[in-house]
Amino acid sequence: MDCIFCKIVAGDVPADKLLENDHVIAFRDLNPQAPHHVLIIPRRHIATVNELSPADAALVGEMSLAAGQVARELGVADDGYRLVLNCNRNGGQTVFHIHMHLLAGRQLGWPPG
Ligand code: 5GP
Ligand code: ZN
């Protein structure tokens with residue numbers, strides 16, 4: 001399967017990793033949209049949020065817990081941050097292996113573009 005994030009999970013493509021556990025890994029986005037822009041992904045390939053099943057509930061929980069841990073370690077938890085999951089064309093998804101964006105380090109606008 002030609003998935004760039006599966007290659008990062010496998011270690012075949014380098015990434016600036018901030019956190020790794022049995023379920024998820026977190027690494028800096030290659031094209032950051034904020035002073036801190038981190039992607040939290042499951043090790044297991046899931047193409048979009050539409051493909052999540054009830055059995056994946058704990059895995060999505062792991063992604064959220066990892067995001068909170070990364071935010072604390074980056075020192076942005078109190079000032080705040082944004083977590084984003086883009087899905088398919090209208091959501092702006094470009095990599096089809098689910099990932100949670102953590103954006104922090106500046107005041108973010110709302111609504112997003
Ligand atoms: P999406 O638009 O699918 O929600 O987000 C995909 C994100 O992955 C983009 O922010 C893009 O910059 C990032 N990205 C794409 N390829 C790579 C890569 O090879 N390494 C890293 N670290 N980030 C990537
Ligand atoms: Zn993948």
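## The ligand and its polar contacts

An oxygen atom of ligand 1 is placed 2.8 Å from an N or O atom in the side chain of Asn86, which fits the term polar contact (a pair of N or O atoms within 3.5 Å; within protein, one must be able to donate a hydrogen and the other to accept it, and residues adjacent in sequence count only if both atoms are side-chain atoms). A polar side-chain atom of His101 also lies 2.8 Å from an oxygen atom of ligand 1, while a nitrogen atom of the ligand is 3.3 Å from a polar backbone atom of Leu30. Of the 520 Å² of accessible area that ligand 1 has on its own, the protein covers 83%, where such areas come from the Shrake-Rupley method with a 1.4 Å probe and, for residues, only the protein chains shown count as cover.

This is a predicted model, in which local features need pLDDT of at least 70 and side-chain atom pairs count only at pLDDT 80 or more, whereas totals for chains, interfaces and linings use all residues. Residues are numbered from 1 along each chain as its sequence is written, chains are lettered from A and ligands numbered from 1 in the order in which they are written, and side-chain values use heavy atoms, with hydrogens and water left out.

## The shell around ligand 1

Ligand 1 is surrounded by 16 residues, the closest being Asp29, Asn86, Thr94, His99 and His101; a residue is near the ligand if one of its heavy atoms lies within 4 Å of it. The shell divides into 7 nonpolar, 7 polar and 2 charged residues, with Ala, Val, Leu, Ile, Met, Phe, Trp, Tyr, Cys and Pro taken as nonpolar, Asp, Glu, Lys and Arg as charged, and the others, Gly among them, as polar.

Helix H1 (4–10) and strand S2 (24–28) each supply at least two residues of this shell, and H1 gives the most, with 3 residues. Helices (H or I, at least four residues) and strands (E, at least two) are DSSP runs, numbered from the N terminus.

## His97 in its loop

His97 belongs to the loop between helix H3 (88–91) and strand S5 (100–104). At 0% relative accessibility, His97 counts as buried, a term that means under 20% relative accessible area, with exposed over 50% and partly exposed in between (1.4 Å probe, protein chains only). The side chains of His97 and His45 are joined by a polar contact of 3.3 Å.
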